Amino acid sequence: MLEKGNSCVGLNEPRLVARKFLARPQHEGVGAVVRRSIGRFELRYFDPFLVLDEFSVTAPAGFPDHPHRGFETVTYMLQGAVTHEDFEGHKGTIGTGDIQWMTAGRGIVHSEMPAAQGTQKGLQLWINLSSKNKMIEPRYQEISSKDIAEATRDGIKVRVIAGEALGTKSPIYTRTPTMYLDFTLDPGAHLQQPIPDSWNAFVYVLEGEGIFGRSKSSPVNAHHLLLLGSGDGLEAWNKSSKSLRFILVGGEPLCEPLVQFGPFVMNTQEEIDQTIDDFENYTNGFEKARHWRSESGLSLDF
Ligand code: FJE
Ligand code: FE
C-alpha cells in the first residue's frame, strides 16, 4: 500500500486519457466567442458537468439578460474583467484570477458583460445539481484572486479553486462534490494528484504542452480537453522548455436522468415544461424577473 498524505502522495492506479477533444471557437451570446468542449454535440454531458467554455469577449459583445435553473455556473477569469448583474440586485465585477461560483438553484436571471478595454478571457463551467438541490435558493460564492489558496512544490504551482491539493484546501462549498485545480508546471516538473476513484475527471490545457496519464504518451497543447479514465489520480509531466498550465476538474457523478432546454436543466420533461411556464409567468423563483432589465437592456435568446 502506498501512503497518501501531504508529503507522501503515491498513486496506485494513475488514470489514463480516455478521450481527447480540440475545442474550436464558436459564437455564443451576443458577439462572444467560446471554445466549448463539454456541452457540444459530440459530448453532451460528462456527469456532473454540462458545459465547459473557454470564452473571449470584447465590448460591446457579451452575455446579456438570460436565466438559469437547476445547476451551478463557475466563472474563472483568466484575463480582463466581467461585470455580472442579477435580478435581485446582486452586482459585481470579477477580474483576472477571480472566481464566481454561482448556484442558480431554482432560478437566477442575470447578465455577464465585459468590464474592461480589450478582450476578456476566462472559463465557465456548468455543474449539474442533484434532483434534491435543483430548486434550492440561489447562492453566490465569490473569491478574489488574492484570496485563492495557492501552494507551490517541486516546480508545481496550484491554485485551489475547489477541493484540495498539495495539502491546501479551498473554502468553496460544492453542492455537487467537485474539485477544481489550476496547475502550472515548470519545465521538468512531474505531478501526481489524487482524485476520488468514483469521480469523473478531466483536464483542459490552457498554455504550453503537457504529457498526461502515461509518461510516453504524446504531448497535448492548449484548447484540448482530456477525459480521464478510471483510477485514483492524475500523473502529468512537463517535458517541454516552456511552462505548462492546465485545469484539473473532477466531480461525483449524479447518475440521474437529465432533460435540458438551454439554460434550464432538470430531471424530467414535466419539470422543464414547468420551468418554461415559471419563467414566462414570473413564478417559483422568477418573480423578480418581471420588472428587471440589466443596464445593457438587452436579452439573450436561448
Ligand atoms: C447562456 C447562450 C450563452 N458560455 N461563458 C445561452 F452564451 C449563455 C451564457 C454563456 C456564458 C457566459 C459567460 Cl460570462 C461565459 C459562457 C455561455 O451566458 F447562459 C445561454 N443560455
Ligand atoms: Fe449566465
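Pro 48 lies in the loop between β3 (32-36) and β4. In this predicted model, the peptide bond that leads from Asp 47 into Pro 48 is cis, with omega near 5°. A second bond of this kind joins Ala 59 to Pro 60, where the peptide bond is cis and omega is again near 5°. Pro 60 is placed in the loop between β4 and β5. Most peptide bonds are trans, so a cis bond merits attention when a chain is inspected.

These loops fall within a segment that carries an annotation. In an unreviewed entry, UniProt lists residues 34-127 as "domain: Pirin N-terminal". The span is 64% strand and 0% helix, and the C-alpha atoms at its two ends lie 17 Å apart.

Ligand 1 can be considered next. The space that ligand 1 takes is the largest pocket. Around the ligand stand 13 residues, and the closest are Glu 28, Gly 29, Asp 53, Phe 63 and His 66. By character, this shell divides into five nonpolar, four polar and four charged residues. Three strands, β4 (49-58), β5 (63-68) and β11 (119-128), each supply at least two residues of the shell. Of the elements that contribute, β5 gives the most, with three residues.

Several polar side chains approach the ligand. An N or O atom in the side chain of Asp 53 is 2.7 Å from a nitrogen atom of ligand 1. His 66 places a polar side-chain atom 3.1 Å from an oxygen atom of the ligand, and for Glu 112 the distance from a polar side-chain atom to a ligand oxygen atom is 3.5 Å. On its own, ligand 1 has 450 Å² of accessible area, of which the protein covers 95%.

Two of these residues, His 66 and Glu 112, also appear in a record. The UniProt annotation "binding site", from an unreviewed entry, covers His 66, His 68, His 110 and Glu 112. These residues span 47 positions in sequence, yet no two of their C-alpha atoms are more than 12.5 Å apart, so they gather at one spot. From this set, Glu 112 is part of the lining of the largest cavity. His 68, for its part, has its place in strand β5, the strand that gives the most to the shell around ligand 1.

Further along the chain, the backbone itself deserves a closer look. Which sign does the phi of Leu 166 have? The phi of Leu 166 is positive, at about 45°, although this residue is not a glycine. Leu 166 lies in the loop between β15 (164-165) and β16 (168-169). Most residues other than glycine have a negative phi, so a positive value stands out.

The later part of the chain carries another annotation. For residues 180-284, UniProt lists "domain: Pirin C-terminal", likewise in an unreviewed entry. Here the chain is 47% strand and 12% helix, and the end C-alpha atoms are 31 Å apart. Asn 284, the last residue of this annotated range, is not a glycine, yet its phi is positive, at about 50°. Asn 284 lies in the segment after α1 (269-281).

Methods
Residues numbered from 1 in each chain as written. Chains lettered and ligands numbered in written order. Predicted model: local features only at pLDDT ≥ 70, side-chain atom pairs only at ≥ 80, totals over all residues. Heavy atoms only, no water. UniProt positions renumbered as here; feature names shortened; annotations may be inferred. Helix = DSSP H or I, 4+ residues; strand = E, 2+ residues; numbered from the N terminus. Near = heavy atom within 4 Å. Polar contact = N/O pair within 3.5 Å; in protein donor to acceptor, adjacent residues only side chain to side chain. Areas by Shrake-Rupley, 256 points an atom, 1.4 Å probe, with all protein chains shown as cover. 1 Å grid on protein atoms, 1.4 Å probe; cavity = no way out; pocket = protein on both sides within 12 Å on 5 of 7 lines; lining within 4 Å. Sits in = over half its atoms within 2 Å of the grid points. Nonpolar A, V, L, I, M, F, W, Y, C, P; charged D, E, K, R; others polar.
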